[in-house]
There are 2 protein chains.
Amino acid sequence: MTGDSRKPASRPTVQDVAREAGVSPSTVSRALHTRGYASREVRERVQEVAQRLGYVPNHMARNLRSRTSTAIGVLISDLRNPFYADLAAGVEEVLRSEGHQMILVNDNGDPDEEMHAAETLLAMQVAGVIVTPVAAGCSKMLQDNGIHVVCADRRLGRNGCDAVLSDNKAGAQELTEHLIGLGHERIGLLIDETKWSTGAGRLSGFRAAHEHAGIDLDEDLIVYTSFDAEAARESTRELLNDHHVTAILSANNVLAQGALAEIKHRKLRIPHKISLAAYDDVPWMSLVQPGITTVDQHTVDIGRSCAQLLLARIRDELPARHRTIRVAPRLIVRGSTGPAPRK
Amino acid sequence: MTGDSRKPASRPTVQDVAREAGVSPSTVSRALHTRGYASREVRERVQEVAQRLGYVPNHMARNLRSRTSTAIGVLISDLRNPFYADLAAGVEEVLRSEGHQMILVNDNGDPDEEMHAAETLLAMQVAGVIVTPVAAGCSKMLQDNGIHVVCADRRLGRNGCDAVLSDNKAGAQELTEHLIGLGHERIGLLIDETKWSTGAGRLSGFRAAHEHAGIDLDEDLIVYTSFDAEAARESTRELLNDHHVTAILSANNVLAQGALAEIKHRKLRIPHKISLAAYDDVPWMSLVQPGITTVDQHTVDIGRSCAQLLLARIRDELPARHRTIRVAPRLIVRGSTGPAPRK
DNA sequence: CTGTTAGCGCGTTCAT
DNA sequence: ATGAACGCGCTAACAG
């Protein structure tokens with residue numbers, strides 16, 4: 001009951017178990033893995049001894065020897081953003097159920113930090129990496145080192161790697177068409193980037209909806225803002241002051257916060273005076289009154305798919321050519337969008 | 001540009017660098033660590049070669065040899081709950097800046113999963129573990145195996161380990177006193193557990209505030225619900241139907257969602273008809289109209305402190321006796337709490 | 001089915 | 001200042 005040895009209580013090894021069970025170390029190794037030859041009797045004895053001694057296999061030694069590992073690196077931009085948290089949660093769920101571990105790194109959307117983190121993961125000998133990329137060269141670097149990579153949510157450059165993406169264009173188009181269907185003709189788009197497949201896709205869906213409806217899109221209604229709620233709030237101010245919009249479409253959940261803040265500040269009634277819609281459904285959007293009309297990306301599912309895809313790749317169950325999984329988003333109409341006000 | 005070898009492109013090792021640089025492996029090892037003797041000339045040459053070959057040290061081999069590791073296990077209950085996400089984000093921030101890695105596991109608040117995860121972390125030879133405990137024996141098991149443990153947010157049983165806690169009693173008391181100060185005398189408390197230090201502390205603060213004000217607390221106003229929004233919603237129904245409360249205090253952010261949902265469903269005006277307050281400030285609480293009066297736990301700071309405490313312990317910079325850091329919460333008054341309605 | 005041998009990649013002795 | 005030898009804990013080969 002003491003067990004209070006100051007030293008890093010060196011834990012029992014296969015040697016200890018072997019000695020205690022009266023067999024050789026390799027027999028212990030075989031007996032503990034379900035695979036491998038070992039007689040029932042020996043297996044049971046070894047397992048009993050291991051249990052009694054509190055033996056826990058040393059992953060580092062095992063991995064070093066067998067040149068494999070079950071750890072998976074996950075590189076995301078911002079854990080405090082529910083989008084990334086959900087993504088990570090989906091990934092972790094599958095990894096855990098399959099006996100893998102998740103090494104999670106927040107790269108703050110910074111390419112340098114991402115590259116640095118990728119090198120660390122390399123050093124740790126992870127079996128694969130799931131990344132929401134921000135640095136163009138990152139996945140290539142990993143792949144060049146024999147590490148499987150799955151891009152989550154977006155793809156950067158022309159790198160050939162497996163990916164799980166939301167169908168951004170379809171989702172944004174549907175959302176925009178919903179607004180147009182309500183009679184809106186001047187819809188402001190808040191968007192932070194269009195270099196990535198996410199922003200590019202959403203913008204293109206926004207355009208496509210206008211084209212489809214025969215509306216000549218005023219380019220001034222597309223406001224490029226930076227990636228934070230405060231910037232979005234200022235951009236919303238601009239849209240509201242100068243461009244006579246009757247609806248605002250936010251390209252992600254963070255920008256939507258800024259838009260909502262400004263609208264609330266002005267005490268504009270939603271949706272009577274202004275409609276608000278956002279890409280990426282997150283919990284607060286159904287808690288506010290009225291609820292925000294959104295596109296649900298099924299973010300947790302995206303995470304799950306990433307993990308499944310990566311594990312399949314690691315187990316070499318997939319054809320060589322890179323696979324892209326597209327998760328169809330779903331429009332959720334809530335109270336924040338309504339008929340365009342009469343002029 | 002090809003680099004398309006099918007085999008897990010075995011990466012360069014110290015051997016390769018040594019051969020290429022015309023020195024011995026041990027010299028390479030010394031040259032790459034800042035410490036250790038090596039002539040300037042050799043050191044530079046070795047570093048140049050390592051760079052050119054894309055050499056990345058193998059953590060598993062290093063750790064195996066040196067019997068240390070920089071990986072830290074983090075065990076939390078639910079990554080999708082912003083409380084845990086913020087906690088993890090704070091932990092990760094400090095770990096990363098100090099050259100450590102975070103292995104994150106979601107135990108879903110299940111003691112068995114937690115124990116299982118702890119064993120995995122043990123196998124991975126983590127240098128320490130940060131845990132929001134749910135299984136009583138978990139931290140003891142880890143400590144018995146020589147692994148440093150920091151309990152985050154709550155403590156279970158009488159286990160002696162470092163911990164970073166919110167001052168739940170003070171926070172809940174302040175929040176309750178705020179309500180009492182507004183004239184509320186029948187305040188319903190939604191709480192999911194009181195076995196942990198969190199629930200126990202918050203309940204005790206709730207009681208203390210009543211005592212302090214000389215109000216005889218009706219025990220029926222304390223509703224023990226289970227840990228999900230839907231259960232909280234039903235409990236809210238009960239409070240509203242049978243107990244004539246003028247205010248509801250939710251013991252955490254999840255339960256608050258249920259309470260708000262029911263209040264909105266009944267179209268009760270906040271705060272005129274009913275006041276709502278919640279422990280644990282999360283983003284949606286300042287987005288809804290009116291904003292929810294809360295206690296901010298400084299969750300990210302708690303995470304940071306956990307990591308700092310753990311690293312200090314690992315570096316043996318702390319006296320033997322266990323340290324408990326208490327992070328003072330802060331009352332944030334928003335619009336959801338107002339004077340109690342006249343009878 | 002089992003034991004013996006060897007070595008994963010590295011850092012740390014000990015010699016020189 | 002540098003190289004040779006050894007071993008961390010484990011498992012893949014090989015015998016038997």
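What distance separates the centres of domain 2 of chain A and domain 3 of chain A, taken over C-alpha atoms? In this predicted model, the value is 29 Å. The domain assignment splits chain A into three parts. Domain 1 covers 14-57, domain 2 covers 70-166 + 299-327, and domain 3 covers 168-297. Domain 2 is thus given by two segments, with domain 3 numbered between them.

Domains 2 and 3 of chain A do touch. Contact involves 13 residues of domain 2 of chain A and 12 residues of domain 3 of chain A. About 1000 Å² is buried between these two domains, and carbon and sulfur atoms contribute 49% of that area. The salt-bridge count between domain 2 of chain A and domain 3 of chain A is 0. Polar contacts are present, however: 6 residue pairs, both partners at pLDDT 80 or more, are found across this interface. On the domain 2 side, helix H5 (82-97) and helix H12 (299-314) of chain A each provide at least two residues. The residues on that side comprise 7 nonpolar, 3 polar and 3 charged.

The interface of chain B and chain A was examined next. Chain B brings 46 residues to the contact, and chain A brings 47 residues. The buried area is about 4700 Å². Carbon and sulfur atoms account for 60% of this area. Three residues of chain B stand out: B:Arg11, B:Met60 and B:Leu287 provide 16% of the area that chain B buries against chain A, more than any other three residues.

Charged and polar pairs also cross the interface of chain B and chain A. The rule identifies 4 salt bridges there. In one salt bridge, the side chains of A:Asp86 and B:Arg80 come together at 3.1 Å, N to O. Polar contacts link 16 residue pairs across the interface of chain B and chain A, with both residues at pLDDT 80 or more. Several elements of chain B give two or more residues to the side that touches chain A. These are H4, helix H5 (82-97), strand E2 (101-106), helix H6 (111-123) and helix H11 (253-265) of chain B. By class, this side of chain B holds 24 nonpolar, 13 polar and 9 charged residues.

Both protein chains also meet DNA strand C. There are 24 residues around this strand. The nearest are A:Ser26, A:Thr27, A:Arg65, B:Val14 and B:Tyr55. Of the atoms of DNA strand C within 4 Å of the protein, 64% belong to sugar and phosphate. Base and backbone of the strand both take part in polar approaches. A polar side-chain atom of A:Arg65 is placed 3.1 Å from a base nitrogen of DNA strand C. The side chain of B:Ser29 has an N or O atom 3.0 Å from a phosphate oxygen of DNA strand C. For B:Asn58, a polar backbone atom is 3.3 Å from a phosphate oxygen of this strand. Helix H2 (25-32) and helix H4 (59-66) of chain A, together with helix H2 (25-32) and helix H4 (59-66) of chain B, each give two or more residues to the surface near DNA strand C. That surface has 9 nonpolar, 9 polar and 6 charged residues.

DNA strand D is surrounded by 25 residues. A:Val14, A:Tyr55, B:Ser24, B:Thr27 and B:Arg67 come nearest. Sugar and phosphate make up 71% of the atoms of DNA strand D within 4 Å of the protein. A polar backbone atom of B:Ser39 lies 2.8 Å from a phosphate oxygen of DNA strand D. A phosphate oxygen of this strand is also 2.7 Å from a polar side-chain atom of B:Arg67. B:Arg65 approaches a base instead: a backbone N or O atom lies 3.3 Å from a base oxygen of DNA strand D. Two or more residues of the surface near DNA strand D come from H2 and H4 of chain A, and likewise from H2 and H4 of chain B. H2(A) gives the most, with 4 residues. The surface near DNA strand D includes 10 nonpolar, 9 polar and 6 charged residues.

Within chain B, B:Arg233 belongs to helix H10 (residues 229-242). Beyond four places in sequence, B:Arg233 touches B:Gly258, B:Ala261, B:Glu262 and B:His265. With B:Glu262, the side chain of B:Arg233 forms a side-chain polar contact of 3.0 Å.

Conventions
Residues are numbered from 1 along each chain as its sequence is written. Chains are lettered from A and ligands numbered from 1 in the order in which they are written. This is a predicted model: local features need pLDDT of at least 70, side-chain atom pairs count only at pLDDT 80 or more; totals for chains, interfaces and linings use all residues. Side-chain values use heavy atoms; hydrogens and water are left out. A residue is near a molecule or strand if one of its heavy atoms lies within 4 Å of it. A polar contact is a pair of N or O atoms within 3.5 Å; within protein, one must be able to donate a hydrogen and the other to accept it, and residues adjacent in sequence count only if both atoms are side-chain atoms. Ala, Val, Leu, Ile, Met, Phe, Trp, Tyr, Cys and Pro count as nonpolar, Asp, Glu, Lys and Arg as charged, and the others, Gly among them, as polar. Contact means heavy atoms within 4.5 Å. Buried area is the accessible area (1.4 Å probe) that two parts lose on being put together, summed over both. Domain bounds come from an automatic or database domain assignment.
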